[in-house]
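This briefing covers side-chain contacts in a predicted model. The points below are grouped by topic.

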Amino acid sequence: MTRRISLNARLAQDAAHSAEIEVVLIMVEHPDLEATIRLSTDNGERISVDPLIYGTRSTWRGSNPVTEPFLFILASAELPSDLEGAPAEATIVIEAVTHEVARLLRSFTSRATVHMAVVLASSPDVIEYEATGMRLMLAEGSAGEVTTSIGREPVEEESLPGLSFTKDRFPGLHR
């Protein structure tokens, strides 16, 4: 399976040394949240001075770059595989978080929806890789660091079949 990437990303991959920086954008959505959480692994732009906040401005998934920036976090990420048979799972370790963020990520009683994208810092509106509709499966840790596991909804948790194998619905099974 081939994946389309921009010419800038291709040149950065082929170059021995490149100034291009790959950035992971993360969106967390949940009905209990007042607003979508937008996170970025790039501190390329100063968002505000007091408090001092850095981040990335992108239009990914309809975000308004002026009012809805992606806020910088110290994180390491293992992105989902794009192989056809491999499950889409990712692990993100968010470092230096406050008690509030750690408590928020661990407080959901139902699973939050997570979207991830990889962009270049020089072109944050051009998506190089995208994984959407994933679920926050696990969030554990303390105020120092939170490890999150993100994946697709497990097939074991699907509801029971809606149809019963009765004589009325499946007469061929009851001959």
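**Aromatic pair**

- The count of aromatic pairs in this predicted model comes to one.
- The pair consists of W60 and F70, whose ring centres are 6.1 Å apart. Their planes meet at 35°, so the pair is tilted; the tilted class takes what is neither under 30 degrees (stacked) nor over 60 (edge-to-face).
- W60 lies in the loop between β4 (53-56) and β5 (70-72), whereas F70 lies in strand β5, so the pair ties together parts that are 10 residues apart in sequence.
- Both rings belong to buried residues: W60 has a relative accessible area of 4%, and F70 has one of 0%.

**Nonpolar cores**

- The largest nonpolar core has 23 residues. The members that touch the most other members are I26, V28, V114, M116, L136 and I150.
- Two or more residues of this core come from each of β1 (22-29), β2 (37-40), β7 (89-95), β8 (113-120), β9 (123-141) and β10 (145-151).
- Strand β9 gives the largest share of this core, five residues.
- A second core, separate from the largest one, has seven residues, among them V23, M27, W60 and F70. The two residues of the tilted aromatic pair, W60 and F70, are thus listed in this second core.

**Salt bridges**

- How many salt bridges does the structure hold? The number is two.
- One of them joins the side chains of E68 and R38, with an N to O distance of 3.5 Å. E68 is in the loop between β4 and β5 and R38 is in strand β2, so this salt bridge ties together parts that are 30 residues apart in sequence.
- E68 is partly exposed, at a relative accessible area of 28%, whereas R38 is buried, at 12%. The value for R38 counts as buried because the cut-off is under 20%.
- R57 and E45 form a salt bridge in which the closest N and O atoms are 2.7 Å apart. This pair links distant parts of the chain, 12 residues apart: R57 is in the loop between β4 and β5, and E45 is in strand β3 (residues 45-48).
- R57 is partly exposed, with a relative accessible area of 24%. E45 also counts as partly exposed, at 32% relative accessibility.

**The loop between β4 and β5**

- This loop recurs across the topics: W60 of the aromatic pair lies there, as do E68 and R57 of the salt bridges.
- Of these loop residues, W60 is buried, while E68 and R57 are partly exposed.

Technical notes
Residues numbered from 1 in each chain as written. Predicted model: local features only at pLDDT ≥ 70, side-chain atom pairs only at ≥ 80, totals over all residues. Heavy atoms only, no water. Phe/Tyr/Trp six-rings, centres within 6.5 Å; stacked < 30°, edge-to-face > 60°. Helix = DSSP H or I, 4+ residues; strand = E, 2+ residues; numbered from the N terminus. Buried < 20%, exposed > 50% of the residue type's maximum accessible area, 1.4 Å probe, protein only. Core = buried A, V, L, I, M, F, W, Y, C linked by side-chain atoms within 4.5 Å. Salt bridge = Lys/Arg side-chain N within 4 Å of Asp/Glu carboxyl O.
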